[in-house]
Structure formats: C-alpha cells, structure tokens
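Good morning, and thank you for making time for this item. I should like to take you through one part of a structure, strand by strand, and then turn to its interior.

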Amino acid sequence: MYTRKTCSSPGCSARTLPNSELCLEHHEDGETLNAMAGDYIRETTLIRDFFFPGLRIANADLRSKQIINCDLSYGYYENCSFESSVFQFAVLNHSHFVNCSFKNIRAIECVFACSSFKDCSFDGSDLVQNNFNGCALINTSFSGSDLMYSRFINCNIHFTDYEDCNVKGVMFPGSQLKEVSFKYSNREDAIFEYEH
Ligand SMILES: [Zn+2]
C-alpha cells in the first residue's frame with residue numbers, strides 16, 4: 001500500500017492520489033484522471049495494487065473482476081455491477097454505493113467500513129470476515145450469503161435482508177436494525193450485544 005496522506009488543500013481531509021499532494025477533487029487534472037481510472041477498471045480483469053481513492057463511476061459493467069490489494073475508498077459508485085467478482089484485501093470504505101450489484105462475489109478480508117449502500121445486492125456471496133462497521137445499509141440484500149465472522153458494528157440497517165444466510169459469529173452490536181429479516185438464517189449464532 002502506498003503511504004496514506006491527506007490532501008494539502010486547506011481544510012480538505014480527503015485522501016491524496018498516488019504520487020500527488022492533492023486529492024482527486026483538488027487535483028487540476030482530476031476529471032481526466034478519474035476518467036482514465038474508470039476506463040482502466042472497466043477494461044482490466046485482474047486489478048491489482050490499484051490505488052485510486054475518490055473514484056467516481058457510474059453505469060459500469062465490472063462483472064467477474066479480480067480486485068486485489070486495491071484502495072477504492074472515498075468513492076461514489078452508481079449502477080455498477082461487480083457480480084461474480086473476487087475482492088481480496090480491498091478497501092472500499094467511506095464510499096457511497098447506489099443501485100450496485102455485488103451478487104455472487106467472493107470478498108476476503110475487505111473493508112467496506114463507513115460506507116453507504118442503497119438499493120444494493122450481495123445475494124449469494126461469500127463474505128467471510130469482512131468489515132462493514134459504521135455502514136448505512138438501506139434496502140440492501142445479503143440473502144443466500146455466507147457472512148461468517150463479518151462485522152456490522154454501529155451500522156444503520158434498514159429494510160435489508162439477511163435471509164438464508166450463515167451469520168455465525170457476525171457482529172451487530174451498536175447497530176440500529178429496522179425492518180431487517182433473518183428468515184431461514186442462524187440468527188441465534190450472530191452477536192447483537194456485547195456480553196457484560
Ligand atoms: Zn482535497
């Protein structure tokens with residue numbers, strides 16, 4: 001991983017681009033760089049060691065990718081399909097995902113923390129040991145997934161389904177769950193409160 005720095009523009013706390021003192025928004029070529037990064041991930045199947053915090057991408061077919069050791073945090077993703085992709089050591093924290101599909105993905109030790117997911121689906125996925133702490137999940141589905149030992153601590157989870165899932169050891173303490181279904185899942189094996 002490259003060294004994590006914050007943007008040198010006054011008052012900006014966003015992550016810098018690689019080899020830059022500035023974030024994507026404050027970089028004078030930001031729009032061009034964003035377009036190039038979008039083209040790169042659209043056209044590349046094995047995306048490895050790619051660091052582009054702040055990526056904005058919409059309407060992208062990103063199915064069957066391998067995304068390994070990448071920083072795609074602080075991004076904005078709308079109408080993107082990551083179906084059947086593999087994510088390994090990828091960070092997608094502090095991002096916004098709207099109407100994105102993560103169906104049938106395999107994510108290994110990935111960080112989705114402090115992101116928001118609205119109208120997204122992770123159905124049928126292998127999501128063992130991932131970090132969703134501090135996320136807002138709205139109208140999103142994890143049904144048919146293995147979520148063993150993933151963390152959903154301090155989340156807002158609304159109108160979201162965890163049906164027919166393995167939720168053994170999944171942590172939900174501090175989360176607000178509203179209209180959340182665990183039908184056909186082993187809800188009793190998940191952890192909703194810290195033991196005192
Ligand atoms: Zn900045």
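**Sheet and core**

Lys 118 stands opposite Ile 138 in β9. Please bear in mind that what you see is a predicted model. The pairing behind that position is between strand β8, residues 116-118, and β9, which are joined in the parallel sense by three bridges.

Let us move along the sheet. Strand β9, residues 136-138, also pairs with strand β10, residues 156-161, again in the parallel sense and over three bridges. Here Ala 136 has Asn 156 of β10 opposite. Asn 156 in turn has a bridge partner in β11, namely Gln 176. Between β10 and strand β11, residues 176-181, there are five bridges, and the two strands run parallel.

What is the order of the strands in the open sheet? There are seven, arranged β2-β4-β6-β8-β9-β10-β11, with parallel pairing. Because β2, residues 56-58, and β11 stand at the edges with a single partner strand each, one side of each has no neighbour in the sheet. From one strand to the next, the twist averages 10°.

I turn now to the interior. The largest nonpolar core comprises 45 residues, and those with the most contacts inside it are Ala 90, Cys 135 and Phe 152. Domain 1 (1-99 + 107-111) and domain 2 (116-196) both contribute residues to this core, and it therefore lies between them.

Cys 135 merits a closer look. Setting aside neighbours within four places in sequence, Cys 135 is in contact with residues including Phe 112, Cys 114, Phe 117, Phe 152 and Cys 155.

Methods: Residues numbered from 1 in each chain as written. Predicted model: local features only at pLDDT ≥ 70, side-chain atom pairs only at ≥ 80, totals over all residues. Pairing = 2+ DSSP bridges. Helix = DSSP H or I, 4+ residues; strand = E, 2+ residues; numbered from the N terminus. Axes fitted to C-alpha atoms, helices over the stretch in contact; angles between N-to-C directions. Core = buried A, V, L, I, M, F, W, Y, C linked by C-beta atoms within 7 Å. Buried ≥ 20, exposed ≤ 12 C-beta atoms within 10 Å, placed from the backbone. Domains from an automatic or database assignment. Contact = placed C-beta atoms within 7 Å.
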